[in-house]
Amino acid sequence: MKKIIALILALAVTMSLVACGGNKGGEEVKDPDTMVQTSKPEEGLEDEIEETEKPAEDKKEETKKPETVKPQEEEKPAEKPQEEKPVQKPEVKPEEKPAEKPVETAKTLGTTLLADFKAKAASGMDAQSIADALLANPAIKFGGGAMPVEEGYLSGFDNAEIKGFNTGVMFAPMIGSIPFVGYIFELPSANDVPAFIANLEKNANKRWNICVEADEMVTGSSGNKVFFVMCPTSLED
């Protein structure tokens with residue numbers, strides 16, 4: 001009998017322990033002899049429990065700040081390759097040449113007398129006065145004289161007759177061995193000067209003097225006055 005009671009007590013203790021362990025899950029044990037029934041929570045509370053008892057991982061995810069999404073960089077249009085401009089060569093300025101000085105014609109006896117003629121003709125001197133003044137020029141190294149001439153055959157032009165002038169004066173040395181003869185003519189008009197000079201140059205003969213020959217023939221004009229001379233390039237003292 002004592003053994004039976006002891007077994008019953010042991011069984012009761014065992015059942016109570018089992019009941020206590022199952023009670024932790026929220027199951028209520030009314031009696032060790034009765035069937036163990038677990039109490040279900042009301043339907044309305046089930047959703048609330050699930051919401052409150054979310055895993056810790058879900059809560060951590062909620063606390064994380066949303067990652068800022070960087071806006072996509074706008075795709076820049078591909079830059080067109082720059083057109084290669086032709087290399088501009090620096091302008092090379094032409095070298096400035098120094099102004100060329102007019103070639104000075106070497107002064108000869110004839111050109112010296114021509115310059116003197118133009119100066120005196122411009123001053124209004126007549127043919128005779130000009131001829132006399134030219135014989136006094138320092139370039140003349142001989143004694144000479146001036147004399148009027150008329151249209152026709154003149155010394156230095158061989159058999160050609162010289163016509164077309166109103167007044168004519170010849171100036172020459174007294175000694176015939178010097179190849180020198182000069183004339184001052186006054187024409188009716190300055191328009192007649194070019195043709196008159198051309199006729200003189202055409203018919204002149206630098207060897208009119210058989211013994212000697214002139215080096216140069218020089219002609220010129222000023223207004224209606226004409227200058228003509230055949231002479232050496234220079235005269236020795």
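Buried here means under 20% relative accessible area, with exposed over 50% and partly exposed in between (1.4 Å probe, protein chains only). Helices (H or I, at least four residues) and strands (E, at least two) are DSSP runs, numbered from the N terminus. You're looking at a predicted model, where local features need pLDDT of at least 70, side-chain atom pairs count only at pLDDT 80 or more, and totals for chains, interfaces and linings use all residues. Residues are numbered from 1 along each chain as its sequence is written, and side-chain values use heavy atoms, with hydrogens and water left out.

**Stop one: strand 4.** Select 167-173. Six of the seven residues in strand 4 are buried, so the rest of the structure largely encloses it. Now add strand 1 (144-149), which runs antiparallel to strand 4 and is joined to it by six bridges. One spot to click is Gly144, whose bridge partner in strand 4 is Pro173. Then bring in strand 5 (181-186); five bridges pair it with strand 4, again in the antiparallel sense. Click Phe171 and you'll find its bridge partner in strand 5, Gly182.

**Stop two: the whole sheet.** Show the open sheet of five strands, in the order 1-4-5-7-6 with antiparallel pairing; two strands pair if DSSP finds at least two bridges between them. Strand 1 and strand 6 (216-222) sit at the edges with a single partner strand each, so one side of each has no neighbour in the sheet. On average, neighbouring strands are turned by 15° against each other, direction ignored. Axes are lines fitted to C-alpha atoms (for helices, over the stretch in contact), and angles run from 0 to 180 degrees between N-to-C directions.

**Stop three: the helices.** Helix 4 (109-122) lies across strands 5, 6 and 7, at about 15° to strand 6. Next, select helix 5 (127-135), where the buried residues are Ala127, Ile130, Ala131, Ala133, Leu134 and Leu135. Their cover includes helix 4, strand 1 and strand 7 (225-231).

**Last stop: the cores.** A nonpolar core is a set of buried Ala, Val, Leu, Ile, Met, Phe, Trp, Tyr and Cys residues joined through side-chain atoms within 4.5 Å. The largest has 21 residues, and those with the most contacts (heavy atoms within 4.5 Å) inside it include Leu109, Leu134 and Phe171. Helix 4, helix 5, strand 4 and strand 7 each supply at least two of its residues. A second, separate core of 19 residues includes Val149, Phe157, Leu200 and Val226.
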